[in-house]
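Colleague: Could you take a close look at the helix packing in this one and walk me through it? I'd like one connected account rather than a list.

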Amino acid sequence: MRYADIKKNPLDEVSRTSFGLGIVLGIFLGSLGLVRLKNFHFYIVFLCLFHFLEYYITAKYNPSKVNVDSFLLNNGVGYLACHTVAILETLVEYVYMPGFKTGTECRWASGVVVLGYVCVLGGQAVRSWAMVTASSSFSHVLAKERREDHVLVKHGIYSWLRHPSYFGFFWWALGTQMILLNPVSFVLFAIVLWRFFKARIASEESYLIEFFGIEYERYRNDVPVRIPFIK
Ligand SMILES: C[S@@+](CC[C@H](N)C(=O)[O-])C[C@H]1O[C@@H](n2cnc3c(N)ncnc32)[C@H](O)[C@@H]1O
């Protein structure tokens, strides 16, 4: 199908959500010059950009699957809890340890922040590139039955990473916590995401073997995941 299903994409809801993300992004980007905690503002900007791109790339490259949930704003309780804890940690540490939070007290803080920006930008690029490459074979909801247009994707970024969108998401999320200099939330994100992707990849691959048989098993043997300790 070339066009999105209008019933699953109520125009008022899609435009309201896009507008909301754009407004929040604009406020946090526009007020950068007025605040000390600039990395927190960049974190909100990256968050808005991530959720906008989830919908936009699905709409452009995978229109038969796009729907209002493609913004991925309802991404589970764990995801919401992690970001809530991250925001609270940032604010509490900023009040009680402003020097630590702004990175002026630690020599290695600026290195962590730079690494965080590399992870966020790199992770976002890999995730978006994966969604474009897989196009109609990509779906936010795990496919339990094979659709006609579902082909095994092994080219482009999928020849280097077996689950590039998960790889991108994992490092993007950890990068956000490095930018915020949030030690507690960094560990929390790492545990929650690692456990989630470990289970998700296992169940996703059992379906992919059902759909593509030996071809997927060969692909699995040849291409790594590159998320630590997930084979
Ligand atoms: C959210 S997408 C994630 C895709 C992939 N795991 C990744 O990280 O890029 C989940 C859907 O992609 C499909 N999928 C995963 N790997 C695939 C591949 N190499 N070729 C085709 N479909 C794939 C699965 O069947 C599942 O329904």
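Modeller: Sure, let's start with the record. UniProt, in an unreviewed entry, lists residues 17-35, 40-57, 77-96, 108-126 and 169-194 under "transmembrane region". Keep in mind that the model is predicted. Two of those spans are worth checking against the coordinates. Residues 77-96 are 100% helix with 0% strand, and their end C-alpha atoms sit 28 Å apart. For residues 169-194 the share is 88% helix and 0% strand, but here the end C-alpha atoms lie 11 Å apart.

Now the packing itself. Two packed helices are described by the angle between their axes and the distance between the axes. Take α1 (residues 11-30) and α2 (residues 38-61): the angle is about 160 degrees and the axes are 9 Å apart. Angles over 145 degrees count as roughly antiparallel, so α1 is roughly antiparallel to α2. Their crossing is left-handed. On the α1 side, the contact uses S18, L21, V24, L25, F28 and L29; α2 answers with H41, I44, V45, C48, L49, H51 and F52. By class, that contact holds ten nonpolar residues, three polar and no charged.

Next come α5 (109-134) and α6 (164-179). The axes of α5 and α6 come within 7 Å and cross at roughly 155 degrees, which makes α5 roughly antiparallel to α6. This crossing, too, is left-handed. The contact of α5 with α6 has 17 nonpolar, eight polar and one charged residues.

At α7 (183-212) the picture changes. α7 packs on α8 (residues 214-222) at about 135 degrees, with the axes 6 Å apart, and that angle makes α7 oblique to α8. E205, L208, I209 and F212 of α7 meet E215, Y216, E217 and R220 of α8. That contact splits into four nonpolar and four charged residues, with no polar ones.

Finally, the ligand brings some of these helices back in. It is surrounded by 18 residues, the closest being S137, A143, V153, H163 and S165. The elements giving two or more residues to this shell are α5, α6 and α7. As for its chemistry, the shell has twelve nonpolar residues, five polar and one charged. So α5 and α6, roughly antiparallel to each other, each give two or more residues to the shell around the ligand, and α7, which is oblique to α8, does so as well.

Methods:
Residues are numbered from 1 along each chain as its sequence is written. This is a predicted model: local features need pLDDT of at least 70, side-chain atom pairs count only at pLDDT 80 or more; totals for chains, interfaces and linings use all residues. A residue is near a molecule or strand if its C-beta atom, placed from the backbone, lies within 6 Å of it. Helices (H or I, at least four residues) and strands (E, at least two) are DSSP runs, numbered from the N terminus. Ala, Val, Leu, Ile, Met, Phe, Trp, Tyr, Cys and Pro count as nonpolar, Asp, Glu, Lys and Arg as charged, and the others, Gly among them, as polar. Axes are lines fitted to C-alpha atoms, for helices over the stretch in contact, and angles run from 0 to 180 degrees between N-to-C directions. Angles under 35 degrees count as roughly parallel, over 145 as roughly antiparallel, 65 to 115 as roughly perpendicular and the rest as oblique. A crossing is left-handed if the near helix is turned anticlockwise from the far one by less than a right angle, and right-handed if clockwise. Two residues are in contact if their C-beta atoms, placed from the backbone, lie within 7 Å. UniProt positions are given in the numbering used here, feature names are shortened, and annotations may be inferred rather than shown by experiment.
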